[in-house]
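Here is a short report on the fold, the sheet, the core and some buried residues. Please keep the coordinates open while reading.

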Amino acid sequence: KYFKNPKSKYTVDEVLPIVLIRNPYGWMKSMCRNPYTAKWKGAHDKETTTQNKEGDAKSEEYNPVDVTYGSGATHHMSLGHLWNDWYSEYLYSNNTAYSSKKTDAPFPRLIVRFEDIIYYPYEVTKQICACAGGVLGHRQDDKDVADDSFHYVVRSAKAGFGHGPASQRNGLIDSWARYGSSDQRDVYSEEDLRIATEVLDPFIMDTFGYS
């Protein structure tokens, strides 16, 4: 849908989407540090990720988010709704995303938790290879590790200007320290947590063990 070359055509039998999903509380804070092409009022405020309009706790309106892709733009009611909308497209049929009756998307897909690939990279990668019909092996051009061994990417796996300054990207060890030592909800106000509970899709949250 968001691929830059609309002339490329694929069928569901030719592609296996492997999607990385992340705890929304950590993801929202990360988006405040580097929102990529997403825009909303207060987008670069690292101290808050309020879903309310203009940060007004009394407001009943959400803080809308616009995201630009190669093929156009999408509009979302809030940052939490963006998280819902993105993963709903992989989980549900289009006509049931906001219905009380959830229907599986009509195509094969593999959705992997960000936290699992961070803490168990070898085990998760091995299972992904098995699922996709591949073999966990060694690239001949990989000179960083010995043959027949697993290459742990310790430095940041992100590259390119779009990911923000290199000094602000987390490597493997940084990620262990950042995401393994505390509850990611601790940095939110009670009001933000209340609104997030109201907004975030409970089925997606439960399915992937987020709370």
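## Fold and confidence

From the N terminus on, the elements of the protein chain follow the order β-α-β-β-β-α-β-α-α-α-α-α. That comes to seven helices and five strands. The model is predicted. Mean pLDDT for the protein chain is 76. A value of 70 or more is reached by 61% of its residues. Confidence varies between elements: helix α5 (residues 172-180) has the lowest mean pLDDT, 62, and α7 has the highest, 93. Where pLDDT is low, the predicted coordinates should not be read in detail.

The protein chain has 211 residues, and 36% of them are buried. Its exposed surface is about 13,600 Å². Carbon and sulfur atoms supply 54% of that area. Among contacts with a separation of 6 or more, 56% are between residues 24 or more positions apart.

## The sheet

Three strands form an open sheet in the order β2-β3-β4, with antiparallel pairing. β2 and β4 are the edge strands; each has a single partner strand, so one side of each lacks a neighbour in the sheet. Helix α2 (residues 79-91) packs on this sheet and touches β3 and β4. The direction of α2 makes about 45° with that of β3.

How many bridges join β2 to β3? Two bridges link β2 (residues 38-39) to β3 (residues 65-69). Between β3 and β4 (residues 72-76) there are five bridges. β3 and β4 form a hairpin, with two residues between them.

Some residue pairings across the sheet are listed here.

| Residue | Opposite residue | Strand of opposite residue |
|---|---|---|
| A38 | V67 | β3 |
| D66 | H75 | β4 |
| T68 | A73 | β4 |

In a regular strand the side chains alternate between the two faces of the sheet.

## The nonpolar core

The largest nonpolar core holds 26 residues. Which of them touch the most other members? They are I21, W40, L79, W83 and I204. Elements giving two or more residues to this core are β1, α1, β3, α2 and α7 (202-207).

W83 is one of those core residues. Leaving out residues up to four places away in sequence, W83 touches I21, R22, P24, W27, L200, I204, M205 and Y210. That list includes I21 and I204, which are also among the core members with the most contacts to other members.

## Helix α1 and what covers it

Is helix α1 largely enclosed or largely open? Nine of its ten residues are buried, so α1 is largely enclosed by the rest of the structure. The buried residues are P24, Y25, G26, W27, M28, K29, S30, M31 and C32. K29 is thus listed as buried, along with S30. Cover for the buried residues of α1 includes β2, α2, α6 (190-199) and α7.

W27 lies in helix α1. Its relative accessibility is 14%, so W27 counts as buried; the cut-off for buried is under 20%. Not counting residues up to four places away in sequence, W27 touches R22, L79, L82 and W83. L79 and W83 are also among the core residues that touch the most other members. W27 and F114 are 87 residues apart along the chain. Their C-alpha atoms are separated by 10.0 Å.

## N23, just before the helix

Where is N23 placed? N23 is in the loop between β1 (18-21) and α1 (24-33). Is N23 buried or exposed? N23 has a relative accessible area of 13%. The cut-off for buried is under 20%, so N23 is buried. Beyond its neighbours within four places in sequence, N23 is in contact with E115, Q184 and Y210. Y210 also touches W83.

Methods: Residues are numbered from 1 along each chain as its sequence is written. This is a predicted model: local features need pLDDT of at least 70, side-chain atom pairs count only at pLDDT 80 or more; totals for chains, interfaces and linings use all residues. Side-chain values use heavy atoms; hydrogens and water are left out. Helices (H or I, at least four residues) and strands (E, at least two) are DSSP runs, numbered from the N terminus. Buried means under 20% relative accessible area, exposed over 50%, partly exposed in between (1.4 Å probe, protein chains only). Contact means heavy atoms within 4.5 Å. Two strands pair if DSSP finds at least two bridges between them. Accessible areas come from the Shrake-Rupley method with a 1.4 Å probe; for residues, only the protein chains shown count as cover. Axes are lines fitted to C-alpha atoms, for helices over the stretch in contact, and angles run from 0 to 180 degrees between N-to-C directions. A nonpolar core is a set of buried Ala, Val, Leu, Ile, Met, Phe, Trp, Tyr and Cys residues joined through side-chain atoms within 4.5 Å. pLDDT is the predictor's confidence in each residue, from 0 to 100.
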